[in-house]
Amino acid sequence: MDQALEGALAARPEGLFDLIGHSFGGCVALRMAVEQPARVRSVTLIEPVMFAAAHAQAQADSDSAMVPVSAALAQGDRAGAARAFHGMWGGGPDWETLPEAARDSMAARIETIPACAPAIRDDVHGVLDRLPPEMPVLLITRAGVEGIMAAIADGLKARMPLLERAEAGRGHMVPMEVPEATARHLTAFWEGAETAV
């Protein structure tokens with residue numbers, strides 16, 4: 001999280017800017033919003049994996065679903081861990097139909113998933129307690145969202161009253177699955193944010 005935030009801060013433009021974050025990037029966007037509230041005009045979160053925002057039962061269910069990933073990692077089976085994780089969050093092609101290079105890349109980096117837990121499961125940076133309630137926020141989730149992602153969305157809405165909800169696609173990889181629909185949601189949201197400013 002600290003490394004990702006450092007990179008995002010280095011890339012930010014002058015003046016007001018709009019943030020977009022997908023998945024873990026949504027968590028980085030939330031942290032950036034609390035670190036730079038005067039500079040952020042709006043935040044768009046696409047399926048943010050800020051598990052700490054969800055209620056306790058949803059968190060427990062999510063933890064249980066991650067057991068195969070943790071078990072494979074404990075046995076040194078990076079490919080098995082990546083396969084299990086892709087099955088939960090990857091969307092799109094099945095693991096076996098992914099190019100070998102893509103599978104190898106995911107397996108080589110799979111340990112970043114548990115490494116992110118303190119930031120997104122435990123909120124060690126205290127992001128949720130510092131969310132600016134007046135900030136315009138768009139939250140895009142898959143259509144018919146349920147489970148942990150629905151609980152995260154509800155938890156963020158409770159903390160950020162101006163948060164708007166939108167749905168697109170059928171899985172976690174919304175921007176890749178339905179880029180046109182994602183762009184339409186962004187355009188409408190930004191036009192509203194521009195009017196508000």
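Tutor: Let's fix a term before starting: a residue is buried when its relative accessible area is under 20%, exposed when that area is over 50%, and partly exposed in between. Keep in mind that this is a predicted model.

Student: Fine. Which residues of α9 are buried?

Tutor: I148, M149, A150, A151, I152, A153, G155 and L156.

Student: And what covers the buried residues of α9?

Tutor: The cover includes helices and strands. Among the helices are α2 (24–35), α3 (56–65) and α5 (78–89). Among the strands are β2 (40–46), β3 (137–141) and β4 (164–167).

Student: How far apart are the end C-alpha atoms of α9?

Tutor: They are 19 Å apart. Helix α9 runs over residues 147–159, which makes 13 residues. At 1.5 Å a residue the helix should span 18 Å, so the two values agree.

Student: Switching to cysteines. How many disulfides does the structure hold?

Tutor: Zero.

Student: Why no bond for C27?

Tutor: Distance. The closest cysteine sulfur to that of C27 belongs to C116, and it sits 8.4 Å away, too far for a bond. A disulfide here needs the two sulfurs within 2.5 Å.

Student: Which cysteine is closest to C116, then?

Tutor: C27, again at 8.4 Å between the sulfurs, so no bond forms from that side either.

Student: Is C27 buried or exposed?

Tutor: Buried, because its relative accessible area is 1%. C116 is buried as well, with a value of 18%.

Student: Next topic, pockets. What volume does the largest pocket have?

Tutor: About 1,200 Å³.

Student: Which residues lie nearest its centre?

Tutor: S23, F85, W89, I113 and H172. They belong to a lining of 46 residues.

Student: Which elements give two or more residues to that lining?

Tutor: They are α3, α4 (67–74), α5, α6 (100–109), α7 (112–115), α8 (117–120), α9 and α10 (174–177). The largest share is five residues, from α5.

Student: How do the lining residues divide into nonpolar, polar and charged?

Tutor: There are 25 nonpolar residues, 14 polar ones and seven charged ones.

Student: Back to S23. Where is its place?

Tutor: In the loop between β1 (17–22) and α2. S23 is not a glycine, but its phi is positive, about 60 degrees.

Student: Buried or exposed?

Tutor: S23 is buried, because its relative accessible area is 17% and the cut-off is under 20%.

Student: What is phi of E47 near?

Tutor: E47 has phi near 45 degrees, a positive value in a residue other than glycine. E47 lies in the loop between β2 and α3. At 0% relative accessibility, E47 is buried.

Student: Let's go to T44. Which element holds it?

Tutor: Strand β2. T44 is buried, with a relative accessible area of 0%.

Student: What does T44 touch, not counting residues up to four places away in sequence?

Tutor: L19, I20, G21, L138, I140, L186, F189 and W190. The C-alpha atoms of T44 and H22 are 8.4 Å apart, with their positions 22 residues apart along the chain.

Student: Now the loop between α8 and β3. How accessible is H125, which lies there?

Tutor: H125 is partly exposed, at 23% relative accessibility.

Student: What is it in contact with, leaving aside neighbours within four places?

Tutor: H125 contacts M1, D2, R31, A119 and R130. M1 is 124 residues away along the chain, but its C-alpha is 9.2 Å from that of H125.

Student: V124 has its place in that loop too. Buried or exposed?

Tutor: V124 is exposed, with a relative accessible area of 53%. Not counting residues up to four places away in sequence, V124 touches P118 and A119.

Student: How far apart in space are V124 and R39?

Tutor: 23 Å, C-alpha to C-alpha, with 85 residues separating them in sequence.

Student: Last one. Where does A181 lie?

Tutor: In helix α11, residues 179–196. A181 counts as buried at 17% relative accessibility. A181 and A102 are 26 Å apart in space, C-alpha to C-alpha, and 79 residues apart in sequence.

Notes
Residues are numbered from 1 along each chain as its sequence is written. This is a predicted model: local features need pLDDT of at least 70, side-chain atom pairs count only at pLDDT 80 or more; totals for chains, interfaces and linings use all residues. Side-chain values use heavy atoms; hydrogens and water are left out. Helices (H or I, at least four residues) and strands (E, at least two) are DSSP runs, numbered from the N terminus. The expected span of a helix is 1.5 Å times one less than its number of residues. Buried means under 20% relative accessible area, exposed over 50%, partly exposed in between (1.4 Å probe, protein chains only). Contact means heavy atoms within 4.5 Å. On a 1 Å grid over the protein atoms alone, a cavity is a set of points where a 1.4 Å probe fits but cannot get out, and a pocket is an open set with protein on both sides within 12 Å along at least five of seven lines; lining residues have an atom within 4 Å of a point. Grid points are joined across faces, edges and corners, and a volume is the space filled by probe spheres set on the points. Ala, Val, Leu, Ile, Met, Phe, Trp, Tyr, Cys and Pro count as nonpolar, Asp, Glu, Lys and Arg as charged, and the others, Gly among them, as polar.
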